[in-house]
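Biologist: Before I rely on any label attached to this protein, I would like to hear what stands behind it. Could you show me the structure and then take my questions in turn?

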Amino acid sequence: MADIVIPAELLPTDGRFGCGPSKIRGAQLESLVTRGATILGTSHRQKPVKDLVGSVRQGLADLFQIPDGYEVVLGNGGSTAFWDAAAFGLVERRAENLSFGEFGSKFAKAVRTPWLEAPHVVEAPGGSLAALEPIEGVDVYAYPHNETSTGVMAPVVRAAGDDGALTVVDATSAAGGAAFDVSATDVYYFAPQKNFASDGGLWLALFSPAALERVERIAASDRYVPEFLSLKNAVDNSRLDQTLNTPALATLLMLDDQVRWINQSGGLAWADTRTKTSSSTIYDWAEASDYATPFVTVPEHRSQVVATIDLDDSIDAKAVAATLRANGIVDTEPYRKLGRNQLRVATFTAIDPDDVAKLVRAIDHVVDALRG
Ligand SMILES: *Cc1c(COP(=O)(O)O)cnc(C)c1O
């Protein structure tokens, strides 16, 4: 199997198809060396780094065309840290969590705390989508925009719950790759290692006025909140283009570069078309193939940024992914806990649709060779 050689004309220009960390464009790395030369290794409390953080915040505000009163907030620790920060500083009494994959279920666990009522969790099996259920007394409705572990995408809609209930969307793998209605969300949070083609370790979020008010109110209450997980702290620091503690400057630089690139290329509408082109290439190929099938059966639920493709049992998907890897096409393995005979391919904004077209032909080549 290791000696199956994929012909050069079927090899993508860039072989990175992982769901995070994901492909970083060459121009971003070059800018680390050029623009980074004056910023890397300098104090994050001085103007050059504040300007960089300011540029990221403004660039995201432009990209998402945030409505009046919304703010771009950031903090250290990635989306996983944001779940704990939200349990401390965003959920007042009770959350509802949609759990239709690994990431939604992790946030549902994070809001099981001694100071909150047990969450209302709506579960759906991997590959399908759970629906919001309005419940009296729920003050945060939480769901992933894109469930990266299964390749299911949810419509971004506001929950029709109690007055003042917040809609909190995990957009870690969707943000920057899919168009949506910002005003339907109160918190739209993400991390830079997916469509934003940077490194991890940071969380960013669009906060609505209602969410900012909630943060202030809980911070003023007598609830204990650890300093590092304080959203009030993150909001206050973000307004000064700062973070509580030292951020990774290289992460900010590559993120800023990607946001500029998307904005200059045509913004979110452009990115949305590009990821739809790439993902359609994969789904159309799988539907036509005699050995591959989209894992997500309902076409409207299929993700435009993470395509999950089941292979016929007669073909070992692990062997296919390993052969691709030996040929420089990496990270097409499925989410480890899903346990399916599957390939998972990111079609993030940085990934060239032409490379996706080559990838499916490369997969066909490998499967033909494995079948002998
Ligand atoms: C990758 C991912 C996360 C985890 O992000 P970290 O920054 O590693 O904590 C959370 N949610 C979704 C939907 C993801 O894709």
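The conversation below goes from the ligand to a helix and then to two single residues.

Modeller: Please keep in mind that this is a predicted model, in which local features need pLDDT of at least 70 and side-chain atom pairs count only at pLDDT 80 or more, while totals for chains, interfaces and linings use all residues. Residues are numbered from 1 along each chain as its sequence is written, and side-chain values use heavy atoms, with hydrogens and water left out.

Biologist: What makes a residue part of the shell that surrounds the ligand?

Modeller: A residue is near a molecule if one of its heavy atoms lies within 4 Å of it. The ligand is surrounded by 13 residues, the closest being Thr80, Thr148, Asp170, Gln193 and Lys194. Helix H3, residues 78–89 (a DSSP run of H or I with at least four residues), gives the most to this shell, with four residues.

Biologist: How do you know that the side chain of Asp170 makes a polar contact with the ligand?

Modeller: A polar contact is a pair of N or O atoms within 3.5 Å. A nitrogen atom of the ligand lies 2.7 Å from an N or O atom in the Asp170 side chain, so the pair meets the cut-off. For oxygen atoms of the ligand, the corresponding distances are 3.0 Å to the side chain of Gln193 and 2.7 Å to that of Lys194. The protein covers 87% of the 390 Å² of accessible area that the ligand has on its own, by the Shrake-Rupley method with a 1.4 Å probe.

Biologist: Why is helix H4 called largely enclosed?

Modeller: Buried means under 20% relative accessible area (1.4 Å probe, protein chains only), with exposed over 50% and partly exposed in between. Seven of the nine residues of H4, which spans residues 102–110, are buried, and therefore the helix is largely enclosed by the rest of the structure. Among them are Phe103, Phe107 and Ala110.

Biologist: What makes Gly101 count as buried?

Modeller: Gly101 has 18% relative accessibility and therefore counts as buried. Gly101 lies in the loop between strand E2 (95–99) and H4, and its C-alpha is 8.8 Å from that of Ser128, although the two residues are 27 apart in sequence.

Biologist: And is Ser22 buried or exposed?

Modeller: Ser22, in the segment before helix H1 (26–34), has a relative accessible area of 6% and is therefore buried. The side chain of Ser22 reaches the backbone oxygen of Gln193 at 3.0 Å.

Terms used. A polar contact is a pair of N or O atoms within 3.5 Å; within protein, one must be able to donate a hydrogen and the other to accept it, and residues adjacent in sequence count only if both atoms are side-chain atoms. Helices (H or I, at least four residues) and strands (E, at least two) are DSSP runs, numbered from the N terminus.
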